[in-house]
Amino acid sequence: MSFDQLGYDRIDCRFDPADLDGLLAAVAGTRRFDGSLFLTEAEYEADPVHRGTNPRPGRNLAEALDTLIAPLEADAALTGALRRVLGPGYRVMDRKFVVGMPHSEIPAWLRTRIENNNVNNLGAYIRPEYRDMTYFWGIDLHQDLIDWSAREADFITVYVYLEDVGPGDAPLFLLPRSHGLGADIFPHELTLLNRDEALSRYAANGASIEERAVRLTGPAGAVHYWHACLLHGTQPTAGDRRRISLRYLIEMDPQAHDCELARVNAAIPYPLSIDQTRRDLAASGVAVIKGNFVNTQAGLSGG
Ligand SMILES: O=C(O)CCC(=O)C(=O)O
């Protein structure tokens, strides 16, 4: 089965291992992935900033390392899949490195604050000079439309693992077919039906599906992509290993009416955009609804 039915797929890229290693070494060499990344509690308290802490033009390590990323982006399987799914004029909207931070490196004062938060993007707690990457410590099942109020789901996310990702390294979890219920406000209506089988019911827009979550473990160089309405998330990293990935948002060629994404969207009988994408935040940007549904998943099949 494939993208049009499941809402996600894998791309069998043939990256040169030396290119992957070189890029990873360059990223790893830019900083220590430990407590030194974080503000102190007093520094955070003096001026809590919860918005605008992600990479942006002019503050994005992916820009600085562009020449090392370029050989990966030239991979024929990757460009072929993007043309097929999005049309020949596809456009990269966003490209950044994402780090799954190891549990052991999160400062104790912060861990008590953010344990069981549903969106643990750590940007607010990271020193400004290191905000050229995005740092996660788990994120509940969400759609990537979450950051795009009132925008059509006319893009996909492409996720490239730069290190081997095992069960304890915050692998991505996906809920297959969930994109088929269209755009929906976060947090989502999810019910765990069978923990051992990771079987859940997801309801949105007056419809529901029952599906088993899929966990995307894989080697360095594994590439997956998914629809902007597909539910996905991560558990906090369990051990001492960080997990560095490269993450893209790529939009469809507006002229390519018969590309795969255009056909998938035309077959979804529910709204593909939503004005209010989340209801878990106070005006300050601080989370007021907690819980990570991904943490309830046990028995999982591979992706
Ligand atoms: O890398 C992670 O832990 C979460 C990534 C994710 O869900 C996303 O980029 O949308």
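**Notebook: strand β11, the core and the ligand shell**

Entry 1. I began with one pair: Asp 9 stands opposite Tyr 225 in β11. I am working on a predicted model. I then looked up the strands on either side of this pairing. Strand β1, residues 8–11, pairs with β11 in the antiparallel sense, over 4 bridges.

Entry 2. Which strand is joined to β11 by 5 bridges? I found strand β5, residues 155–161, and these two run antiparallel. I noted one bridge here: Tyr 159 has His 224 in β11 as its partner.

Entry 3. Is β11 mostly covered or mostly open? I checked residues 223–227, and 5 of the 5 are buried, so I wrote down "mostly covered"; a residue counts as buried if 20 or more other C-beta atoms lie within 10 Å of its own. For the protein as a whole, 40% of the 303 residues count as buried.

Entry 4. I turned to the overall build. I listed 8 helices and 14 strands. The radius of gyration is 18 Å, close to the 19 Å that the globule rule gives for 303 residues, so the protein is as compact as a globular protein of that length. Along the principal axes, the C-alpha atoms fill a box of roughly 50 × 40 × 35 Å. I also looked at contacts between residues at least 6 apart in sequence: 84% of them join residues at least 24 apart.

Entry 5. Next came the nonpolar core. In soluble globular proteins, nonpolar side chains tend to be buried together. How many residues are in the largest nonpolar core here? I read off 73. The members that touch the most others are Val 85, Leu 86, Phe 97, Val 99, Phe 136, Ile 156 and Leu 174.

Entry 6. I followed Phe 136. Leaving out residues up to four places away in sequence, Phe 136 touches Val 98, Val 99, Gly 100, Met 101, Asn 120, Asn 121, Leu 122 and Thr 234. Phe 136 is also among the residues that surround the ligand.

Entry 7. What else surrounds the ligand? I listed Val 98, Gly 100, Ile 139, Asp 144, Ala 170, His 232, Gly 233, Thr 234 and Arg 247 alongside Phe 136. I sorted the shell by type: 4 nonpolar, 4 polar and 2 charged.

Entry 8. Which strands each supply at least two residues of the shell? I noted β2 (91–100), β4 (134–142) and β12 (232–234). The largest share, 3 residues, comes from β12.

Note on methods: Residues numbered from 1 in each chain as written. Predicted model: local features only at pLDDT ≥ 70, side-chain atom pairs only at ≥ 80, totals over all residues. Near = placed C-beta within 6 Å. Nonpolar A, V, L, I, M, F, W, Y, C, P; charged D, E, K, R; others polar. Core = buried A, V, L, I, M, F, W, Y, C linked by C-beta atoms within 7 Å. Buried ≥ 20, exposed ≤ 12 C-beta atoms within 10 Å, placed from the backbone. Contact = placed C-beta atoms within 7 Å. Rg over C-alpha atoms; globule rule 2.2 N^0.38 Å. Pairing = 2+ DSSP bridges.
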